[in-house]
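Please open the model in your viewer and keep the sequence panel visible beside it. The stops below suggest what to select in turn and describe what is found there.

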Amino acid sequence: MTFDILCHINATGSKTSSLYTAVANQMLFSKPSKALIRCDISLDAPYIMVEIEELAQLDRQTKCLLLLSQLLENIDITNLRKTSRISQIVFVLPQDELNNPVISDDTLKELLAEALSQQTPDFIQTTTIDFENILPDTLVIAVDSCVSYQYVSTQAKNNAVQVLNGPPGIINGEGGGALLIHLHGALTAQLYSGELSEQLSQSQAKITDTYLFAGKQSLLWQKKWFASSQALYTPEDELIELADLNNTVGYQGVANNLTGLVLSNSYLDNPLNEGLNHVFLLLNSPNEHVIKISRSEKS
């Protein structure tokens, strides 16, 4: 898969240099919530979250609408279509607790009509990105907001959520991004199959490579990653340090995997990393993936 990152929005802003600096230097944008969630039968505690300050007082639907509108403004689809073909648009958007889209298809049509004065391409709405089967000439736009009490309290029933002074868990955030998958993209993503350890072997990963994590953090995941990556080590090696996207800007729900690609781009695009040929992006939701991201020879 070859692609170009077009734009993004999260707590670090909308510049790839800011995202790289924040994650590479482990800068913290998080804060405890005012509300308490039930962590177990004996503990209620504030959860840790990363908000975009300008959106702090809004509900989830309004936040997603504003994020999506901002991305569409930043993409400039009309000019993009003059140089790149767009056969379809895929909106990766969240659903509410009743499994209804937070943003309806009719609203998406209205937003696209505002962004385009000519006939709009076909679009679909989904909650996941199938990186292995997505077609070329596809514009992918993803947004989500995962900081509300309702979202986090529901999430905590199935996943470990990071709470104040608690064990490792998910730090929730909000944001989104857009990319164009086409044959002449500046970046190439190579995917592998099998268990996590098998994917690492197929990718010929080394202890000296750069590893970026954009998934759901938990003690269980840390143990699995350590066990799966054992074959990379010699007795003299120090532990791999994963650059963790979510510790900085927070887990962004259905937009998180795309934001992981944005982070990969920020590493490869940074002048300080001129000698960096590739990075490995690790995902674990909904499935575990090792993705090798490199500069494309076709760009």
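**First stop: the cysteines**

Select cysteine 7 in this predicted model. Its relative accessibility is 10%, and cysteine 7 therefore counts as buried, the cut-off being under 20%. Next, display the cysteine sulfur atoms. Which cysteine sulfur is closest to that of cysteine 7? It is the sulfur of cysteine 64, and because the separation is 15 Å, the two are too far apart for a bond.

Move the selection to cysteine 64. This residue is buried, with a relative accessible area of 0%. The nearest cysteine sulfur to that of cysteine 64 belongs to cysteine 146, at 7.9 Å, and cysteine 64 takes part in no disulfide. A search of the whole structure gives zero disulfides.

**Second stop: the open sheet**

Switch to a cartoon representation and colour the strands. An open sheet is formed by 10 strands, with mixed pairing, in the order 5-4-6-7-1-8-12-11-9-10. Which strands stand at the edges? They are strand 5 (122-126) and strand 10; each has a single partner strand, so one side of each is left without a neighbour in the sheet.

**Third stop: strand 4 and its partners**

Select residues 88-92, which make up strand 4. Are the residues of this strand mostly covered or uncovered? Strand 4 is mostly covered, five of its five residues being buried. Show the side chains: Gln88, Val90 and Val92 point one way from the strand, while Ile89 and Phe91 point the other way, and all are buried.

Add strand 5 to the selection. Strands 4 and 5 run parallel and are joined by five bridges. Valine 92 has threonine 126 of strand 5 opposite it.

Then add strand 6. Five bridges also link strand 4 to strand 6, again in the parallel sense. Phenylalanine 91 has isoleucine 141 as its bridge partner in strand 6.

Continue from strand 6 (residues 138-145) to strand 7 (residues 174-181). These two strands run antiparallel, and eight bridges join them. At threonine 138, the bridge partner in strand 7 is isoleucine 181.

**Fourth stop: two asparagines in helix 8**

Select asparagine 246, which lies in helix 8. With a relative accessibility of 3%, asparagine 246 counts as buried. Leaving aside residues up to four places away in sequence, asparagine 246 touches Ile171, Ala214, Gly215, Lys216, Tyr251 and Asn256.

Now select asparagine 247, also in helix 8. Is asparagine 247 buried or partly exposed? It is partly exposed, with a relative accessible area of 33%. With residues up to four places away in sequence again left out, asparagine 247 touches Met27, Leu28 and Ile171. For a longer view, draw a distance from asparagine 247 to alanine 178: the C-alpha atoms are 21 Å apart, and 69 residues separate the two in sequence.

**Fifth stop: the largest pocket**

Turn to a surface representation. Rolling a probe the size of a water molecule over the atoms shows where empty space is left. The largest pocket has a volume of about 800 Å³. To find it, select Arg60, Pro94, Gln95, Asp144 and Tyr151, which lie nearest its centre among the 28 residues of its lining. Helix 2 (60-75) and helix 5 (149-155) are the elements that give two or more residues to this lining. Helix 5 contributes the largest share, four residues. By class, the lining of the largest pocket consists of nine nonpolar, 14 polar and five charged residues.

**Last stop: the second largest pocket**

Select Gln26, Glu241, Leu242, Ala243 and Asp244. These lie nearest the centre of the second largest pocket, which is lined by 27 residues. The elements that give two or more residues to this lining are helix 1 (16-24), strand 2 (31-40), helix 7 (219-228), strand 10 (243-244) and helix 8 (245-249). Which helix provides the largest share of the lining of the second largest pocket? Helix 7 does, with four residues. The second largest pocket holds about 670 Å³ of space. Its lining divides into 16 nonpolar, seven polar and four charged residues.

Key: Residues are numbered from 1 along each chain as its sequence is written. This is a predicted model: local features need pLDDT of at least 70, side-chain atom pairs count only at pLDDT 80 or more; totals for chains, interfaces and linings use all residues. Side-chain values use heavy atoms; hydrogens and water are left out. On a 1 Å grid over the protein atoms alone, a cavity is a set of points where a 1.4 Å probe fits but cannot get out, and a pocket is an open set with protein on both sides within 12 Å along at least five of seven lines; lining residues have an atom within 4 Å of a point. Grid points are joined across faces, edges and corners, and a volume is the space filled by probe spheres set on the points. Ala, Val, Leu, Ile, Met, Phe, Trp, Tyr, Cys and Pro count as nonpolar, Asp, Glu, Lys and Arg as charged, and the others, Gly among them, as polar. A disulfide is a pair of cysteine sulfur atoms within 2.5 Å. Buried means under 20% relative accessible area, exposed over 50%, partly exposed in between (1.4 Å probe, protein chains only). Two strands pair if DSSP finds at least two bridges between them. Contact means heavy atoms within 4.5 Å.
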